[in-house]
Amino acid sequence: MTTELDVRRSLIARYKGTLQRGQENIATDFAHAGDVAAALQARSTLVDQVLIGLLDDFDLQRQVALCAVGGYGRGELWPGSDIDLLILLPGPLEKAASERLESLVSLFWDIGLEVGHSVRTVDECLEEAANDLTVQTALVEARQLAGESWLYSRLRSAFMSRLDPQAFFHAKRIEQDERYLRYQESPYSLEPNCKESPGGLRDLQTILWIAQAAGFGNSWHDLHLHGFITQREAQGLARRERFLQRLRLHLHLHVGRREDRLLFDHQTALAEKLGFSGSPTRRPSEQLMQEYYRTAKAIMQLNTILLQNLGAAIFPSPNHPPIAINPRFQNAHQLLDVTHENVFNETPHAIFEAFLLMQAHDELKGMTARTIRALWRARHLVDEAFRADPVNQANFVLLFKAPRGVLHEMRRMNQFEILGNYLPNFGAIVGQMQHDLFHIYTVDQHILRVLRNLRRFSETEFSHEYPFCSQLICYFENPWVLYVAALFHDIAKGRGGGHSELGAVDAREFCTQHAIAAEDAELIAWLVLHHLTMSSTAQKQDISDPDVIAAFAATVGDERHLTALYLLTVADIRATSPKVWNSWKGQLLESLYHQTRRLLNSGGAAPKRQGIIQEHQEEAIRLLRYHAIPDNAQEPLWRQLDTAYFIRHSSDEIAWHARALHYRTAPEQPVVKARLNRHGE
C-alpha cells in the first residue's frame with residue numbers, strides 16, 4: 001500500500017534527479033559553447049518545467065497562479081541565485097488546498113531549490129507594492145508560470161495602472177545612489193562585486209526597470225527604437241552585459257554557490273576560464289581585472305546617459321529657453337548643453353572647451369544628456385592630430401590652472417575616456433591593478449585621489465584635516481605644477497623597470513610639447529622622479545642623523561622643491577588606502593621637512609649633533625618653566641638618558657617626560673602616562 005510519505009519520496013527523487021541532470025547538462029553546454037544567455041535561459045526553463053510539474057502533481061492549477069518575479073521573472077537564473085516566486089491567491093483557500101500548498105512549498109527545498117516566495121492575494125500585492133520599492137521592482141518583471149491566467153492578468157493590469165513612472169524613477173535613482181555609497185562610489189575596488197558595485201550588472205538592470213515602468217520596453221533594442229540610444233550603443237551595452245554575465249556565471253560555477261565578489265582567490269582561475277593569458281609584465285588576473293574595470297566604467301557612463309535621457313522623457317522640462325554661453329554651448333536649466341548634436345565633430349576644440357566652461361561657470365550643476373552623449377561619441381576624435389594641435393595643448397594646461405573644478409573635470413574626462421585618449425600613457429593604466437600591501441585602488445583612481453588630496457589642501461573646508469599642508473600650499477607659487485606632477489607620478493606603472501624614471505621621461509615630453517616654462521617643467525619632472533624619496537627617507541632612515549638630513553637636503557636643493565615634494569608625498573600616501581596614513585608617518589614627514597628647511601636656510605651647513613641636543617634641551621627647559629618646574633629639577637633624569645634620546649624626541653616630548661618623571665627617577669613600579677596626540681589620533 002502506497003502511503004503519502006512514499007509519494008513524497010518518489011516526487012523528491014524524480015524532481016531532484018531532473019534538476020541535477022539538467023544543471024549538469026547546462027554546465028557542460030556552457031563549457032563547450034560559452035553562450036551565457038543560453039545557459040541562463042536554459043536553467044530558467046528547467047526550473048519552470050519542475051515548478052509547473054509540481055503544481056500539477058499537487059492539483060493546484062485551478063487554485064492559484066504561480067508567478068516568477070525578479071531575475072527569475074526576466075528569465076535569467078544564475079546557478080547560485082534564489083528562485084523568487086509569487087503564489088497568487090484569489091482569496092482564502094480551503095483547508096485541503098492550503099495544506100497542499102504548504103506541502104508544495106516545503107517540497108521546493110527538499111528537491112534542492114532555494115526559493116524566496118510570498119503568498120498573497122492581488123489586493124495584498126498592490127498594498128505591499130505601494131509601500132515597498134523591492135516589491136514594485138519584482139512585479140515589474142513578473143511573468144506567469146502556471147495556474148489561473150485571469151488572476152495574473154488582474155494583478156498585472158491593476159499594478160501597471162497604479163505604477164507611477166516618475167515616483168519609480170526617483171526611488172530607483174535614490175536606491176542607486178545609496179548602493180554607490182556602500183561601494184565608495186567607485187567600480188575600482190580591488191575585489192569588486194560584479195553585480196552590486198558601480199558599473200556592475202545592477203546598473204544595467206536599473207535602466208531596464210525604469211524603462212519598463214515608463215513603457216519604453218525591456219531590452220536595449222527597445223531603447224534604441226525609442227531613440228534613447230543609437231544602435232551602436234545598444235550593441236555596446238549588450239556586449240558589456242554579456243562580459244559581466246559570463247564572468248558572474250563562471251564565478252558561481254567555480255565557487256559552487258552564490259558569490260558575486262571577485263575575490264583575489266578567484267581572479268586567476270576566472271581569468272583562465274575567460275581566456276586571458278599572461279605576459280612578461282602582466283598576469284592573467286591583471287588583464288581580466290583591467291577589462292572588468294574598463295567595462296564597469298563604460299557601463300557607469302552609459303547608465304548616466306540613459307538615466308538622464310529617460311528622466312527627460314519621464315519629466316518633461318519646463319519650456320524655458322536656454323541661455324546662450326557662446327555659439328557652441330548654452331545653459332539649459334543649469335546644465336551645460338551643446339547647441340546641436342554635431343558641435344564636437346564640427347569643432348574638435350570644443351571638447352576641452354566644454355570642461356573649461358564647467359570650471360568657469362559655477363552656476364552649471366552638470367551636463368545635459370545630449371552633451372554627455374555627444375562627448376561620449378566624440379572621444380574617438382581625440383587622436384594624434386588632436387594631441388598635436390597647439391590650441392588643444394594650451395586648453396589642456398588651462399584645465400590645471402583653473403581656480404575651481406580641476407578634480408571634477410579630470411574625473412569627468414577620465415569617465416568619458418577623453419583623458420586616456422589625450423594621454424595614451426594614462427589610458428594604458430586605466431583599470432590597472434597594483435599588487436602590493438598598500439594600494440587598494442587601480443592606478444588611475446589612485447592618481448586621481450592624489451589630485452583630490454592636493455586640491456583639498458587649498459580648500460578652507462578641509463584646513464582642519466590638513467593644517468600644515470593647507471598653510472604651505474597657500475604660499476606655494478603655481479600650485480598647478482603639483483597637479484601635473486600628480487597626474488604623471490605613477491603613469492609608468494606596469495611597463496617594467498622603474499616607474500619613477502620612466503614617468504619622469506613622460507613628464508618631460510609632456511612639458512616640452514605643452515610649452516610649459518623651463519622652471520616649472522624641471523620641477524614637475526623632478527617630482528615624478530623623486531616622488532618616493534621623502535617617504536623612504538622618513539620611514540626607512542634615521543632622520544635624527546645630521547648626515548641623513550644633509551643628504552636629503554642635497555637631493556632637494558631648495559625650499560620650493562622641498563615644499564612641493566612634501567605636499568605630493570602626503571597626498572600620495574593618503575591616497576593609497578584609508579588605513580595607510582597615521583600620525584606617526586605624519587610626524588616623521590613633518591620633522592624631516594622642518595629639519596631640512598632649517599638646513600637649507602642656514603646656507604647648507606650640516607647641523608652638529610651637540611647643537612641639536614642643546615637646542616632640544618633649551619627649548620624643553622623653557623617649556624618646563626610654564627609648568628612651574630624648578631630650574632635644574634630635570635637634571636637627575638637627564639643624566640640617565642643617552643644622546644640618542646635627545647636627538648630622537650622633540651622638545652615638547654622631552655619636557656613632558658621630565659614633568660612626569662623628574663621627581664621619581666628610580667621608582668619601584670613602572671610609571672605609565674598618556675596624553676592626547678596633537679595629530680588627533
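**Exercise 1.** In this predicted model, which residues form a negative surface patch together with Glu477? Place Asp558 in the chain and decide whether aspartate 558 is buried, partly exposed or exposed.

*Solution.*
- Step 1. The negative surface patch consists of Glu477, Glu519, Glu522 and Asp558.
- Step 2. Aspartate 558 sits in a loop, with α28 (546–556) on one side and α29 (559–574) on the other.
- Step 3. Buried means under 20% relative accessible area and exposed means over 50%. Aspartate 558 has a relative accessibility of 31%, so it counts as partly exposed.

**Exercise 2.** Describe how strands β6 and β7 pair, and find the residue with a positive phi in their hairpin.

*Solution.*
- Step 1. β6 covers residues 329–332 and β7 covers residues 335–338; 4 bridges join them in the antiparallel sense.
- Step 2. Two bridge positions can be checked in the structure. Phenylalanine 329 has valine 338 of β7 as its bridge partner, and glutamine 330 faces aspartate 337 in β7.
- Step 3. The hairpin has 2 residues between the strands, and histidine 333 takes a positive phi near 55° there.

**Exercise 3.** What is the strand order of the open sheet that contains β6 and β7, and which strands lie at its edges?

*Solution.*
- Step 1. β7 runs parallel to β8 (residues 366–367), with 2 bridges between them. Here leucine 335 stands opposite glycine 366 of β8.
- Step 2. The open sheet has 4 strands in the order β5-β6-β7-β8, and its pairing is mixed.
- Step 3. The edge strands are β5 (323–324) and β8, each of which pairs on one side only.

How values were computed:
Residues are numbered from 1 along each chain as its sequence is written. This is a predicted model: local features need pLDDT of at least 70, side-chain atom pairs count only at pLDDT 80 or more; totals for chains, interfaces and linings use all residues. Side-chain values use heavy atoms; hydrogens and water are left out. Patches are made of residues with over 30% relative accessible area and no salt bridge: like charges are joined within 9 Å, nonpolar side chains (Val, Leu, Ile, Met, Phe, Trp, Tyr) within 5 Å. Accessible areas come from the Shrake-Rupley method with a 1.4 Å probe; for residues, only the protein chains shown count as cover. A salt bridge is a side-chain nitrogen of Lys or Arg within 4 Å of a carboxyl oxygen of Asp or Glu. Lys and Arg count as positive and Asp and Glu as negative; His and the chain ends are not counted. The place of a charge is taken as NZ of Lys, CZ of Arg, CG of Asp or CD of Glu. Buried means under 20% relative accessible area, exposed over 50%, partly exposed in between (1.4 Å probe, protein chains only). Two strands pair if DSSP finds at least two bridges between them.
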